[in-house]
Amino acid sequence: MSSGQDAGRFNSRLAILMAMAMFVLVVDTSLMNVSISAVVKDLGATASGVQGAIALEALVSAAFILIGGKTGDLIGRKLAYTLGLIGYAIGAVAMTLATTLTAVIIFWAIIGGLGASLLLPSMQSLIHGNFEGAHRVRVYATVGAAAAIAAAVGPLLGGAITTFLSWRVGFLLEALTIAVVLIGVRLVKDVPYTGDRSIDLFGSLLSIVGMGGIVLGILLWQEGAAYVGATILLGVIALVGLGFWLVRRKRRGKPTLLDPALFSSKPFRTGATGQLLQQITLGGTMIVLPLYLQMVLEYNAFLAGLSIAPLSLSMFAIALLAGRGVKRRPATIILFGFLLAVIGLIILVPLVPVATNGWYLAIPLIIVGSGLGMLVSQLNNYTLSPIAEERVSEAAGVNSAAGSFGLSFGLAFAGAILLAALASSFATLTAQSTVLTDDQKTQVTSVLEEDAELMSNTGLEEMLADESPETSAEVIRINSEAGPIALQIALFVPILAAAAGALNALRMRRLPDPAPSSGVESIVG
């Protein structure tokens with residue numbers, strides 16, 4: 001295979017620049033998660049609106065990542081890589097200058113999400129084509145380490161920047177980092193695509209409608225919009241239709257968006273399913289906890305990031321330890337990982353209403369992070385090991401799409417459950433109140449039907465400034481009880497996902513351990 005680098009020379013500058021790009025990709029969502037309350041305040045938006053934008057960004061990335069990989073094949077991997085970086089830079093600059101939530105949705109969530117869908121698969125192909133042998137393994141390890149470090153320090157870094165400077169400064173630093181990476185694009189040698197250049201347009205459309213429809217339906221439910229069931233049903237039908245379409249096209253010898261024969265491998269199927277469930281667990285946890293810390297405990301972004309640090313740091317540390325010299329079967333480690341995540345999340349549930357500070361959450365978050373770290377160390381390797389070299393890039397794209405879809409689903413579904421539970425709990429507690437009048441109870445119920453919003457007690461006090469002290473105190477009491485109840489219920493989204501992951505891991509243990517193919521070591525190294 002030709003390469004942009006001979007066996008004796010390692011292009012450390014290019015490796016560092018690609019690691020920087022990956023770092024920005026991962027730290028971007030962490031910055032948004034820990035900055036929710038600051039973004040809400042500065043833009044005059046709602047927590048559910050900002051949360052919806054976070055889920056939408058992950059959704060766009062998931063819905064288009066398979067198409068992004070094919071686009072790189074057609075227009076050139078280097079051009080796709082460059083356009084992906086530019087898309088992300090546009091999103092970061094827009095966040096620096098945004099004055100409305102609409103700008104965030106258009107530029108950060110949609111354009112930035114499209115940038116990620118181009119950047120991730122093209123970066124993988126470019127690493128594969130610009131480095132050889134041990135150098136290639138070294139670069140994949142460097143880029144993987146950058147992602148792990150970003151996941152570990154992202155909440156702390158984003159929280160500190162948001163609290164002591166501004167959340168806008170965080171995104172400005174992202175834009176500057178991407179600018180440095182773009183300047184170094186000249187170091188990248190393009191990797192030509194030699195396969196079939198035909199396009200499966202209908203398969204591409206089905207993949208967008210399928211993954212997009214399900215998560216969009218959940219976002220519509222979260223916002224109280226109409227046609228929720230129809231949108232989700234459309235997504236499900238499209239995904240089922242995509243499966244039949246791919247099989248039919250393959251039998252007729254026509255080009256397909258992805259090769260359905262990939263799914264004939266049981267390790268690949270169970271591994272990709274595990275990746276999906278791991279990301280639902282992570283996404284659900286990482287949207288619920290920042291909301292709890294910032295809206296209920298009224299932490300600033302730095303304290304919220306500090307409180308989440310036990311999860312991210314333990315995840316990083318265990319991922320490193322579990323990836324080196326562990327003698328147990330990968331399927332067993334994956335099973336232990338999901339079980340630890342279930343245990344830690346279940347311990348969190350009774351702590352939510354009694355916790356007065358983030359230290360209450362430290363031990364269960366370490367347990368959850370340790371479980372997720374085990375999964376991070378093993379799942380990609382397990383999933384891609386049985387795949388032949390010529391199909392590794394395609395398989396990795398499917399695996400990435402499963403992860404991105406799981407993350408967006410977890411973010412959207414946990415958020416939607418949170419708001420639905422909040423509305424139900426608030427309405428129930430309001431109806432039971434002996435302080436509020438019947439008219440006030442009717443008014444509260446009417447407001448909740450239009451927009452359920454998780455709000456801090458301080459924010460409520462400002463809204464209730466014109467009400468009597470008794471009424472104000474009663475509404476704040478109800479909010480103090482309803483918020484934790486809603487958060488407890490929302491935690492069952494990641495709990496159930498992790499439990500399903502454990503059941504899936506039991507299936508893995510009944511299979512023989514997959515033997516790695518010659519092309520996989522460079523992808524998962």
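Glu 481 is partly exposed, with a relative accessible area of 33%. Its side chain meets that of Arg 477 in a salt bridge, 2.7 Å from N to O. Glu 481 and Arg 477 both belong to helix 17 and lie four residues apart, about one turn of the helix. The model is a predicted one, and the distances and areas given here are computed from it.

Arg 477 has a second partner. A salt bridge also links Arg 477 to Glu 474, where the closest N and O atoms are 2.9 Å apart. Arg 477 and Glu 474 are both in helix 17, which runs over residues 469–490, and three residues separate them, again about one turn. An α-helix has 3.6 residues a turn, so residues three or four places apart point the same way.

The surroundings of these side chains can be compared through their accessible areas. Arg 477 is partly exposed at 33% relative accessible area. Glu 474 has a relative accessibility of 8% and counts as buried, because the limit for a buried residue is under 20%. Glu 481, at 33%, is partly exposed. Salt bridges with shared partners join Glu 474, Arg 477 and Glu 481 into one network. The count of salt bridges in the model comes to two.

Helix 18 covers residues 492–509. This helix has 18 residues, and the distance from its first C-alpha to its last is 25 Å, close to the 26 Å expected at 1.5 Å a residue. Which residues of helix 18 are buried? They are Val 493, Pro 494, Ile 495, Ala 497, Ala 498, Gly 501, Ala 502, Asn 504, Ala 505 and Met 508.

Another part of the structure carries a nonpolar patch on its surface. Ile 75, Leu 79, Leu 83, Ile 86, Ile 90, Ile 106 and Phe 107 make up this patch, which has an area of about 530 Å². Two or more residues of the patch come from each of helix 4 (77–97) and helix 5 (101–130). Helix 4 gives the most, with four residues.

Ile 86 is one of the residues of the patch, and it is found in helix 4. Why can Ile 86 be counted in a surface patch? Its relative accessibility is 36%, which makes it partly exposed, and patches are made of residues with over 30% relative accessible area and no salt bridge.

Note on methods
Residues are numbered from 1 along each chain as its sequence is written. This is a predicted model: local features need pLDDT of at least 70, side-chain atom pairs count only at pLDDT 80 or more; totals for chains, interfaces and linings use all residues. Side-chain values use heavy atoms; hydrogens and water are left out. The expected span of a helix is 1.5 Å times one less than its number of residues. Buried means under 20% relative accessible area, exposed over 50%, partly exposed in between (1.4 Å probe, protein chains only). A salt bridge is a side-chain nitrogen of Lys or Arg within 4 Å of a carboxyl oxygen of Asp or Glu. Patches are made of residues with over 30% relative accessible area and no salt bridge: like charges are joined within 9 Å, nonpolar side chains (Val, Leu, Ile, Met, Phe, Trp, Tyr) within 5 Å. Accessible areas come from the Shrake-Rupley method with a 1.4 Å probe; for residues, only the protein chains shown count as cover.
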